[in-house]
Amino acid sequence: MKLKDVVSKECCFLLNESRKTEVLIEMMERIHAEGLVADLDNLKKEIFYREQLMSTGIGVGIGLPHVRFKGVDKPLIAVGLKKSGITDYESIDKEDVRIVIMIIVGEFQHKEHIRLLSQVMEKLKEKEDRETLIQSENSEEIYNFLTGENEND
């Protein structure tokens, strides 16, 4: 499974909100509006439950909310960018989060879950790559960066 198989261009966007709770709601509402998840209320419940266990602010400006959710059959990824940063994300390094990547997989898709987390982190491990993504101006640029659509393989 490749990122381009699970990243929806319509769910790659510049965030309007600037606080963690509102950002996560904005992203889940976009996923719901695109018809990728039918049960928005349960998705919110699961994502916020996960955040209560431990913040998904993994450091270096990245928030990685993720959940195994019985409301989806096919894994999906949404990406939100906040260039000015989300100050209340509670990241482990105390830095503002500027890249939020939400990963939702089916409740029994453990392997896919781990594989996608790994692929996302591989794509964003270098500071220069994170900075390139942050400079994206629209959905297409975000999507192309993550999926490598403009790269010559």
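These legends accompany close-up views of a predicted model.

**Figure 1. Helix α3 and its buried face.** Let's begin with the helix that covers residues 40-53. Its 14 residues should span 20 Å at 1.5 Å a residue, and the end C-alpha atoms are indeed 20 Å apart, which agrees. The residues of α3 that count as buried are Leu 40, Leu 43, Ile 47 and Glu 51. Looking down the axis of α3, you will find these buried residues within an arc of 70°, so they line one face of the helix. Their cover includes α2 (20-33), β4 (66-68) and β6 (97-105). On the other side of α3, the exposed residues are Asp 41, Lys 45, Gln 52 and Leu 53.

**Figure 2. A nonpolar patch on the surface.** Here Tyr 49, Leu 53 and Met 54 form a patch, and together they have about 360 Å² of accessible area. Leu 53 is also one of the exposed residues of α3. Met 54 sits in the loop between α3 and β2 (57-59). Because its relative accessible area is 53%, and exposed means over 50%, Met 54 counts as exposed.

**Figure 3. Ser 8 in strand β1.** This close-up shows a residue of the strand that runs through residues 7-14. Is Ser 8 buried or exposed? With a relative accessible area of 14%, Ser 8 is buried. Leaving aside residues up to four places away in sequence, Ser 8 touches Leu 36, Ile 77 and Tyr 143.

**Figure 4. Salt bridges between parts distant in sequence.** The structure holds seven salt bridges, among them the pair Asp 88 and Arg 19. The closest N and O atoms of Asp 88 and Arg 19 are 3.2 Å apart. This pair links distant parts of the chain, 69 residues apart: Asp 88 is in the loop between β5 (76-86) and β6, and Arg 19 is in the loop between β1 and α2. Asp 88 is partly exposed at 23% relative accessible area, and Arg 19 is partly exposed at 48%. Glu 137 forms a salt bridge with Lys 83, again with the closest N and O atoms 3.2 Å apart. Glu 137 lies in the loop between α5 (127-134) and α6 (139-147) and Lys 83 in strand β5, so the pair ties together parts 54 residues apart in sequence. Lys 83 is partly exposed, at 33% relative accessibility.

**Figure 5. A salt-bridge pair and a network.** The side chains of Lys 125 and Glu 122 meet in a salt bridge of 3.0 Å, N to O. Lys 125 is partly exposed at 47% relative accessibility, and Glu 122 is partly exposed at 49%. Salt bridges also link Lys 20, Glu 51 and Glu 90 in a network. Glu 51 is one of the buried residues of α3.

Terms used
Residues numbered from 1 in each chain as written. Predicted model: local features only at pLDDT ≥ 70, side-chain atom pairs only at ≥ 80, totals over all residues. Heavy atoms only, no water. Helix = DSSP H or I, 4+ residues; strand = E, 2+ residues; numbered from the N terminus. Expected span 1.5 Å × (residues − 1). Buried < 20%, exposed > 50% of the residue type's maximum accessible area, 1.4 Å probe, protein only. Arc of directions from axis to C-beta. Contact = heavy atoms within 4.5 Å. Patch = residues over 30% accessible without salt bridge, like charges linked within 9 Å, V, L, I, M, F, W, Y side chains within 5 Å. Areas by Shrake-Rupley, 256 points an atom, 1.4 Å probe, with all protein chains shown as cover. Salt bridge = Lys/Arg side-chain N within 4 Å of Asp/Glu carboxyl O.
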